[in-house]
Amino acid sequence: MIDRSRRNFLKLAGTMATGAVVSRYTTEVASAYEQATEGDLEVVWLQGQSCSGCTISMLQGQYPTLEETLGEFRMEVTFHPTLMPEQGEAAIESMSTSPDVLVLEGSVPTEMPSAATLGKRPDGTSKPLVDWVTELAPEAEYVIGLGNCASFGGWPAAENKNRLHDVGENVTGAKGLQFEQREQPGVLGPDFTAGSGLPVINLGGCPPHPDYMLLTIATVLNGHTPELDRYNRPKPFYEPLVHDNCKWRGYFDRGEFADKPGDEGCLYKVGCAGPYTHCDDQTRLWNDGTSVCLNVGAPCIGCMEPGFWDRFQPLDQEVEQQNVFGVDVETAGLAAVGAGVVGIGVHATRKLTGYGTSDGNGDGGQSEAGDPDHSTSDADRRSGAEAGGDKTE
Amino acid sequence: MVEISIDPTTRIEGHHGMELEVEEGRITEARSTMKMFRGAEIITVGRSPRDAAQLTGKVCGVCFICHRIGSSRATEDAAMNAGAFDGVPEHAKILRDATEGIFFLWNHAIHLFALVGPDYSDAVADTGFDRLDPLEGDGYLGALENQRKLMQALAEFGGRAPHPLAFVPGGVATNPDAATVETVKSRVREVSNWLGPTEAVPDVLENVQNGAFDPDLGEGLHDIVSILVAAAQEGAADLGSGPNRYYSNGLFRDPDSGDRIFKRGVYRDGSAEPMTKEEIVEGIAEDTEYSYYTDDSAGSPTEAKPPEPDPEKDGAYSWGKAPRFEGETMEVGPLARLAISGYDPFDLRATLGGGPAESNTLNRLVARAQEALIVRDRVLGLLDAFDPSAPLMADFPDDYTGTGVGLWEPSRGTLSHYVDVEGGTIERYQIITPTLWNIGPRDGEGNPSIIEGAIVGDEVADIEDPIDVMRTIRSFDPCLACSVHVDSPEGSYETVLEPASPGGMTDVGDD
C-alpha cells in the first residue's frame, strides 16, 4: 500500500525505533505530516452496533485533529456513515474494497445478524455487518477496532441478567473484531492478520481518547509497528494504571474514602475500577487537557478494559475481589501510610494489595492479581505462557 | 411505479434506510427503516438503578448527556415515589439545565454544519455555497473547531465529552469551583462570538442575500443564515410537510419563577395545550404492528407487556416502535418546542416558512437556528444563577421499591425513561426517544410516522439522486442509536406496581 514517495517520507520521519508508538503529538509528527503529500490512503469506517460516540470522540482530537490527520496524511475517507456527502447506493459504491485502513466502530451481532445491517445484498435483502467485516478485513492493510464494542463486544455484549426473551446471555451475540470480552475469537479468527501482518489493533474505551486513534494512525503510517499488549492494544496508551495516576491516590493511601460520588476522598468504595483499568487518560486528560472522569468526582467505570460492564458491575459498588491477598482495601490504605513512613513506598503497597503490577515485567500491569475476577481467559493463558509477552501472535 | 431504496441514508446518527415508491414523479409510499438493535432495556434489567444511568447514558454517543439525565430522573422519580428520596438539590437541577443548554448548542452546530448543512453546499448540490463543503469548507472547519470548545466546556463539569460520567442519580457528582464556572462561561462566550449577536440576524440575512460577509456580525450566523436562504431557494418550505401536531416535555426552568422557557405540552388543531407530567404519561402508547417485536408487545410504556424481539416477523420493517400520543403521531424537536411555546424570533418561520407552526423541511432548519440563538442567550444566564458552592449531590438510596418516569427534552425532542425497581434491582425498563416519534414505522391503524407522512406527496425530480428526500430526512436530525432498541422486557417475574405518591407524577414533584 505504501508507494515510493511515501517510503521516502517514512525514511525521513523514521527516527523512531520499530515497536514504538507515537504517543504524543510532537514537532516530529507535525513535520512528518507535512511531508506526507503524495498518494491517497483510503479509509473505510464502518459502524456496527454503535452509538457513534467514538466518531464524536474523534472529532474532539486536538493534537492532531481529525481533519488534520485526514488532510495531511491525504487520507480519503471513502466511507463514513456520519460524515460522508453521499448516501444510498452512491455511498456504497464510493467505498474502497481494499482499504488501507479499515475502522470499525460498534460491535458485530453474530447471533442476530439483522441487528446491524448496511446496504443491500445482490438479492435485495439487507446486508449484515458481519458480512461486511469478514469481506473487507482480509483486504485491508490495517484494521482498527475503535472503542470497546468493536474491540471486545462492549456494551451490546453486556449480560442479559434475567435471561429475558430466550435470546441468551449475549442478546444479539455481539462480538468485537477479534475478541469477545476477554476471550478470542471475535468475528475474526485468533490468527487473523491484516495485510500489514498486524492483528486487529484494539483501541478500547467507551469512548477511547481521540489521541489513541489519531496517533495510532500516525504510528502505522509512519511505518512503525506498534507494540501491542495481550489484548492487542498499543502499549503506551494502555499500560499505565488509572489508580497510579489518580488525583485521589493520596486519599487511598491514607484510607480516606468517599461515601458517594462527588464527595472528597478515594472513590474505591463507590465502585471505582481505577485499580484494574489501564489507560493514560489521568495524565493525558480529555478535551484538550480539560479534565478526566476521576478529576470531577466520577468513579472510573473500567471502560478501557475488555469485559467492561459485567467485569466491574455493579458499577456503583466496590469492585469485588480486591481482597486478593487477604488484605481489605481499608487496611491496605492504612498499611500504605505505614509503608510510606518506613520508606517502602507505594509500589510495595500495591504488591501487598495486588492492584496491578509495578515491576515493569512488560505485561502492561495486567497480572492476574490485577484482575477483579479469577477466571483465566485464553488470552491470559497465552500471555502467561509467553513470560510477559503481550502480543497474541 | 418506481421503487427507490436509500440505504444507508448517511449524515445522520445511526443505521437507517428509506424505501420509497414513486409514481409519475411523486412519492406515493414511504417506509422508514431503523436497521439496528442492541437490546438496551434487556441489558438494563436485573441491574442497580444507579447503573441504569451509566448504561442507558451510553445508548447514544451523540446525545450522551440527555440519556444520563433522563435515566437519572426516572430512577430518582421511582425513589421519590417509594418515599426513599427527597429530590435533587436545586443547584444540581440548574447545572443539569445549563449543561443540557451547552449540549443543545453543540448538537445544533454539528447538525447544521456537518450533517444537514452540506445538503445545501456546493460540493453536494452545486449551490455555489462552498463554505460547508464537508471537511473542506471554511465554515465546516470553523464549526468543527467551535464544537470542540463546547465539548471542553462540557468536560469541565463532566470529566470528559462525549460520555461524561459525572451525571448520576442524586444530582451531579462534580465539585466545580468558581474558576471552573468562569472557564465554562468563557468557552461558551468564545463560541457565542463565533456565532454572532442575535440582533444581527436581519443584517446578516441582508448580507447573505447580497453575497456579503461581515465576520463582525458572526461567521457562524452568516453560515447558518446561508443554509436557511439556500434551503428557501431550493424550495424546502414546500417539502416534508407534517400534520402540525407537536409534543414537548419542556425544558430550561427559570430558577426564579420555576416556569420553563420551553413549555411542556402539545400543539394540535392550531393551538398549544400546556400539560402536566401525568397527562403526558397517560397519553403515550406504543404500537408494534410493523416493528420487529411481537404483536402483543404494544401499549403504554408504564403498563403494557414489554416488547419481545421478533427479527423474522412478517410485515415488519423497522427495529423502531411506533409511539403515539392519544392515538396520533406527534412531531418533536426544535420546531415542536418553538411552536408550543409560541416563539418565532424575527418572524422567520412566518415569512420564510409559510407560518410559525407550519411543519416543513425549511421550518425545521429555521427553528433549529432560532433555537440555537435562544438557548445561547439562556445558557449564560443559567451559569450565572448556578452556585458552585451549593450542594450538588443528595444521598441516593440503594434499596427501594417503586416505579418512576423521567421526562426530559434533549435537542432532538422528547425523551422519556420508565423504570420499575424492586428491592433495589431494576425489573423493567423502557425508553422512548425523540427519533422514534419522528421516524419510527407506521402503526396498526395504517397511520404513517411523521417522516413517512412528510415524504409522501413530495416530488422526486431525479430518482438517481433523490436529494430533496435526503434534505427532509436530515431536517429531523434523526439519531438512531437510541431508537432501535426500544424494548423493555419484564420477563417471568411479577412486578408490583406501586401507586404514584402525591406529587410524584405531577409537574411540580420532580422537576
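I take two strands as paired if DSSP finds at least two bridges between them, and with that rule in hand I looked up β13(B) and strand β14 (residues 415-422) of chain B, which are joined by seven bridges and run antiparallel. I note at the outset that this is a predicted model.

**Entry: the sheet in chain B**

I followed the pairing onward and found that β14(B) is also joined to β15(B) by seven bridges, again with the strands running antiparallel. The result is an open sheet of three strands in the order β13-β14-β15 (chain B), paired in antiparallel fashion. Its edge strands are β13 (402-408) and β15 (425-432) of chain B, each of which pairs on one side only. From one strand to the next I read an average twist of 15°.

Which part of chain B packs on this sheet? I found helix α3 (residues 64-81) of chain B there, touching β13 and β14 of chain B, and its direction makes about 145° with that of β13(B).

For the register I used Ser416(B) in β14(B) as a reference point: Leu407(B) stands opposite Ser416(B), while the bridge partner of Ser416(B) in β15(B) is Ile432(B). I then looked at the hairpin of β14(B) and β15(B), which has two residues between the strands, and noted that Gly423(B) takes a positive phi near 55° there. Although β15(B) is an edge strand, I recorded that β15(B) is mostly covered, with seven of its eight residues buried.

**Entry: chain B as a whole**

I counted 16 helices and 15 strands in chain B. I wanted to know how the radius of gyration of chain B stands against that of a compact globule, and for 511 residues the expected value is near 24 Å, with which the 22 Å of chain B agrees. Along its principal axes the C-alpha trace of chain B spans about 65 × 60 × 40 Å, and buried residues make up 64% of the 511 residues. Of the contacts in chain B with a separation of 6 or more, 69% are between residues 24 or more positions apart.

**Entry: where chain A touches chain B**

I find 63 residues of chain A in contact with 67 residues of chain B. On the chain A side, α3 (53-58), α4 (66-72), α5 (88-94) and β5 (117-120) each supply at least two residues. By class, I sorted that side of chain A into 31 nonpolar, 25 polar and seven charged residues.

**Entry: Cys300(A)**

I located Cys300(A) in the loop between α11 (281-284) and α12 (329-341) of chain A. Is Cys300(A) buried or exposed? I take Cys300(A) as buried because 30 C-beta neighbours lie inside 10 Å, where 20 or more are needed. Leaving out residues up to four places away in sequence, I found that Cys300(A) touches Val242(A), Cys272(A), Ala273(A), Gly274(A), Thr277(A), Cys293(A) and Leu294(A). For a pair far along the sequence I checked Pro81(A), which is 219 residues from Cys300(A) in sequence and 30 Å away in space, C-alpha to C-alpha.

**Entry: confidence in chain A**

I read a mean pLDDT of 76 for chain A, with 72% of its residues reaching 70 or more. Over residues 321-328 of chain A the pLDDT stays under 50, and the model has twelve contacts beyond four places in sequence for that stretch. Over residues 330-393 of chain A the pLDDT likewise stays under 50, and there I noted 104 contacts beyond four places in sequence.

How values were computed. Residues are numbered from 1 along each chain as its sequence is written. Chains are lettered from A and ligands numbered from 1 in the order in which they are written. This is a predicted model: local features need pLDDT of at least 70, side-chain atom pairs count only at pLDDT 80 or more; totals for chains, interfaces and linings use all residues. pLDDT is the predictor's confidence in each residue, from 0 to 100. Two residues are in contact if their C-beta atoms, placed from the backbone, lie within 7 Å. Helices (H or I, at least four residues) and strands (E, at least two) are DSSP runs, numbered from the N terminus. Ala, Val, Leu, Ile, Met, Phe, Trp, Tyr, Cys and Pro count as nonpolar, Asp, Glu, Lys and Arg as charged, and the others, Gly among them, as polar. The radius of gyration is taken over C-alpha atoms; the globule rule is 2.2 Å times the number of residues to the power 0.38. A residue is buried if 20 or more other C-beta atoms lie within 10 Å of its own, exposed if 12 or fewer, and partly exposed in between; C-beta atoms are placed from the backbone. Axes are lines fitted to C-alpha atoms, for helices over the stretch in contact, and angles run from 0 to 180 degrees between N-to-C directions.
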